[in-house]
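Reader: Hey, got a minute to walk me through this one? I'd like to start with the sheet and then jump around a bit.

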Amino acid sequence: MKSVLIIGMGRFGNHLCRKLVELKNEVMAVDMKEEAIEDVLPLVMSAKIGDCTNVEVLNSLGVRNFDLCFVCIGNNFQSSLEITNLLKEMGAKYVISKANRDIQAKFLLKNGADEVVYPNRDIAEKIAVRCSMNHVFDYIELNEGYTICEIPPLKEWIGKSIREVSFRNKYHVSILGTKSEGKVSLLPAADHQFRLDEHLMVIGKKIDIDKILKNL
């Protein structure tokens with residue numbers, strides 16, 4: 001469990017807040033508009049209405065006490081930049097700021113952000129990749145050509161165990177988990193038998209996963 005400060009309760013901030021609370025983190029939500037806070041008020045540990053470009057307002061939040069500080073302001077980059085810089089000057093441990101463009105990211109990183117996220121770009125790219133690949137239900141791109149994909153099993157695997165298929169040796173891909181009826185089971189045993197109604201979460205080089213997909 002971590003203590004998290006979220007500044008800016010627009011769509012991204014709102015979704016981020018809800019997921020962090022669901023994951024049992026303690027969240028403080030801040031926004032200039034009362035109506036933006038009302039939606040998450042029953043969920044968060046605390047909430048405050050205020051302009052965080054104001055040093056006194058930001059200082060009153062006790063930013064040093066949070067493990068993570070998110071700056072989720074999407075429609076006023078100047079404010080996002082100022083708040084990011086102030087958070088770091090006040091001793092914030094780790095600041096993650098939202099950006100819409102590369103030039104914004106560069107300024108944010110130079111002015112105190114430890115990390116920058118591009119929610120719109122990342123979602124668009126993920127959807128584009130997933131929709132361009134047949135039989136892929138979810139997709140996460142890692143570095144150095146590695147990916148995690150959610151795929152169905154090949155027909156020839158059904159009823160056979162991971163050991164019988166010699167999955168890792170034959171396909172050079174590892175199975176992180178299986179998914180059936182929305183439930184995920186991680187790290188299946190070697191004697192797990194493939195079922196028609198399940199999906200597999202596999203990790204490996206994209207070139208090796210593509211070889212499996214060609215047979216689906």
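Author: Sure. There's an open sheet of 6 strands, ordered 3-2-1-4-5-6, with parallel pairing. Strands here are DSSP runs of E, at least two residues long, and helices are runs of H or I, at least four, numbered from the N terminus. Two strands pair if DSSP finds at least two bridges between them.

Reader: Which strands stand at the edges?

Author: Strand 3 (46-49) and strand 6 (115-117). Each has a single partner strand, so one side of each is left without a neighbour in the sheet. On average, neighbouring strands of this sheet are turned by 15° against each other, direction ignored. Angles like that run from 0 to 180 degrees between N-to-C directions, and the axes are lines fitted to C-alpha atoms, for helices over the stretch in contact.

Reader: Before I get carried away, what am I looking at, and how are the residues numbered?

Author: This is a predicted model, where local features need pLDDT of at least 70, side-chain atom pairs count only at pLDDT 80 or more, and totals for chains, interfaces and linings use all residues. Residues are numbered from 1 along each chain as its sequence is written, and side-chain values use heavy atoms, with hydrogens and water left out.

Reader: Good. What does helix 1 touch on the sheet?

Author: Helix 1 (residues 11-22) packs on the sheet against strand 1 (3-7), strand 2 (26-31), strand 4 (68-71), strand 5 and strand 6. The direction of helix 1 makes about 165° with that of strand 1. Helix 5, for its part, lies across strand 5 and strand 6, and runs at about 155° to strand 6.

Reader: How many bridges join strand 5 to strand 6?

Author: 3 bridges, with the two strands running parallel. Ser97 stands opposite Val116 in strand 6, and Ser97 is itself part of strand 5 (residues 95-98).

Reader: Is Ser97 buried or exposed?

Author: Buried, at 0% relative accessibility. Buried means under 20% relative accessible area, exposed means over 50%, and partly exposed is in between, using a 1.4 Å probe and protein chains only. Leaving aside neighbours within four places in sequence, Ser97 is in contact (heavy atoms within 4.5 Å) with residues including Val71, Thr84, Leu108 and Val117.

Reader: Switching to helices. How do helix 4 and helix 5 pack?

Author: Helix 4 (residues 77-89) and helix 5 (residues 102-110) pack at an angle of about 25°, and their axes are 9 Å apart. That makes helix 4 roughly parallel to helix 5. The scale goes like this: under 35 degrees is roughly parallel, over 145 roughly antiparallel, 65 to 115 roughly perpendicular, and the rest oblique. Phe77, Ser80, Leu81 and Thr84 in helix 4 meet Gln104, Phe107 and Leu108 in helix 5.

Reader: Ok, now the antiparallel stuff. What's going on with strand 7 and strand 8?

Author: Strand 7 (residues 138-141) and strand 8 (residues 146-151) pair in the antiparallel sense over 4 bridges. They form a hairpin with 4 residues between them, and Glu144 in the turn has a positive phi of about 55°. Ile140 has Ile148 in strand 8 as its bridge partner. Ile148 in turn has Ile203 in strand 11 as a bridge partner, and strand 8 and strand 11 run antiparallel, joined by 6 bridges.

Reader: What else does strand 11 pair with?

Author: Strand 9 (residues 174-180) is joined to strand 11 (residues 199-205) by 5 bridges, running antiparallel. In that pairing, Ser174 stands opposite Ile203. Strand 9 also has 4 bridges to strand 10 (residues 183-186), again antiparallel, with Thr178 opposite Ser185. The hairpin of strand 9 and strand 10 has 2 residues between the strands, and Glu181 takes a positive phi near 55° there.

Reader: Where does Pro152 sit?

Author: Pro152 is in the loop between strand 8 and helix 7 (162-165). Pro152 counts as buried at 16% relative accessibility. Not counting residues up to four places away in sequence, Pro152 touches His135, Phe137, Glu198, His199 and Leu216.

Reader: Last thing. How many disulfides?

Author: 0, from a search of the whole structure, where a disulfide is a pair of cysteine sulfur atoms within 2.5 Å.

Reader: Why no bond for Cys52?

Author: Because the closest cysteine sulfur, in Cys69, is 9.9 Å from the sulfur of Cys52, too far for a bond. Cys52 is also buried, with a relative accessible area of 2%.
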